[in-house]
Amino acid sequence: MRAMRWLMVPILVSAMGGVAAAEWKNVQVLPKTMSKDELKALMKAQSKALGVECDYCHDVPDMASDKNEKKLIARKMMQMQNEINEKWIKGWKGADKAKVSCGTCHQGHEEPPKFTVQTGSDKPQTTTPEKK
Ligand code: HEC
Ligand code: HEC
């Protein structure tokens, strides 16, 4: 009986894997292999980072729909964020802790709060001038 129990472990594990692996209909940037739990946790965190609910981006209950333009913006933001982390931050000392997320900029708001350095001059120095 004890041997039988061990034989059943791999069968159980593969059966559970089959349940957990979700079939996403319209996932273009995130890994398609994300489990339901993983994706749900990420969506919740992302909503908190912007201080919104799911319906801010989704045409609920059709989560795969791209009708809502905020979802399209969010998809671009995901790509931007991935590029910042992969291309610019990766390899830095402490890069894992310094990873950029939605919250880094949004800080709980739909639009990232404005930050203006008080320079004393009348020109706020918040952006780096572009090379002409
Ligand atoms: C800030 C915008 C935004 C918010 C808020 C948001 N989502 Fe999403 N969600 C997206 C984007 C963008 C995608 C597509 C990602 C991709 O293409 O890789 C997506 C994909 C999904 C999918 C996959 C649908 C499919 O089959 O293609 C589900 C499910 C989902 N979200 C659930 C939720 C839930 C539940 C919430 C609330 C807790 C939520 N989302 C909040 C932007 C958002
Ligand atoms: C590097 C900073 C930065 C990061 C990281 C970032 N955003 Fe943004 N996001 C912005 C800026 C700047 C805007 C433009 C706000 C405006 O229109 O004034 C914006 C706008 C948006 C909007 C449109 C808001 C509106 O009012 O229409 C959505 C939706 C959004 N971001 C989602 C996300 C999501 C989801 C993530 C994480 C995957 C993310 N952003 C990560 C800077 C960022």
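Helices here are DSSP runs of H or I with at least four residues, strands are E runs of at least two, and both are numbered from the N terminus. A residue is near a molecule if its C-beta atom, placed from the backbone, lies within 6 Å of it.

With that in hand, a word on what you're looking at. This is a predicted model, where local features need pLDDT of at least 70, side-chain atom pairs count only at pLDDT 80 or more, and totals for chains, interfaces and linings use all residues. Residues are numbered from 1 along each chain as its sequence is written, while chains are lettered from A and ligands numbered from 1 in the order in which they are written.

**The overall picture**

The protein has four helices and zero strands, so reading from the N terminus the pattern is simply α-α-α-α. Of its 132 residues, 2% count as buried, meaning that 20 or more other C-beta atoms lie within 10 Å of a residue's own (12 or fewer makes it exposed, anything in between partly exposed). Take the contacts between residues at least 6 apart in sequence: 34% of these join residues at least 24 apart. A contact here is a pair of C-beta atoms, placed from the backbone, within 7 Å.

**Around the two ligands**

Here's how the two shells look by class. Ala, Val, Leu, Ile, Met, Phe, Trp, Tyr, Cys and Pro count as nonpolar, Asp, Glu, Lys and Arg as charged, and the others, Gly among them, as polar.

| Shell | Nonpolar | Polar | Charged |
|---|---|---|---|
| Ligand 1 | 14 residues | five residues | six residues |
| Ligand 2 | nine residues | four residues | three residues |

Ligand 1 is surrounded by 25 residues, with V29, M43, C54, C57 and A74 the closest. Helices α2 and α3 each supply at least two residues of that shell, and α2 gives the most, with seven.

Ligand 2 has 16 residues around it, and A74, M77, C102, C105 and E111 come nearest. Two or more residues of this shell come from each of α2 (36-50), α3 (69-89) and α4 (102-106). Here α3 gives the most, with six residues.

**A look at A49**

A49 sits in helix α2. It's partly exposed because 17 other C-beta atoms lie within 10 Å. Leaving out residues up to four places away in sequence, A49 touches S101, C102, G103, H106 and G108. Then there's T104: A49 and T104 are 55 residues apart in sequence, yet 8.3 Å apart in space, C-alpha to C-alpha.

Note on methods:
Contact = placed C-beta atoms within 7 Å.
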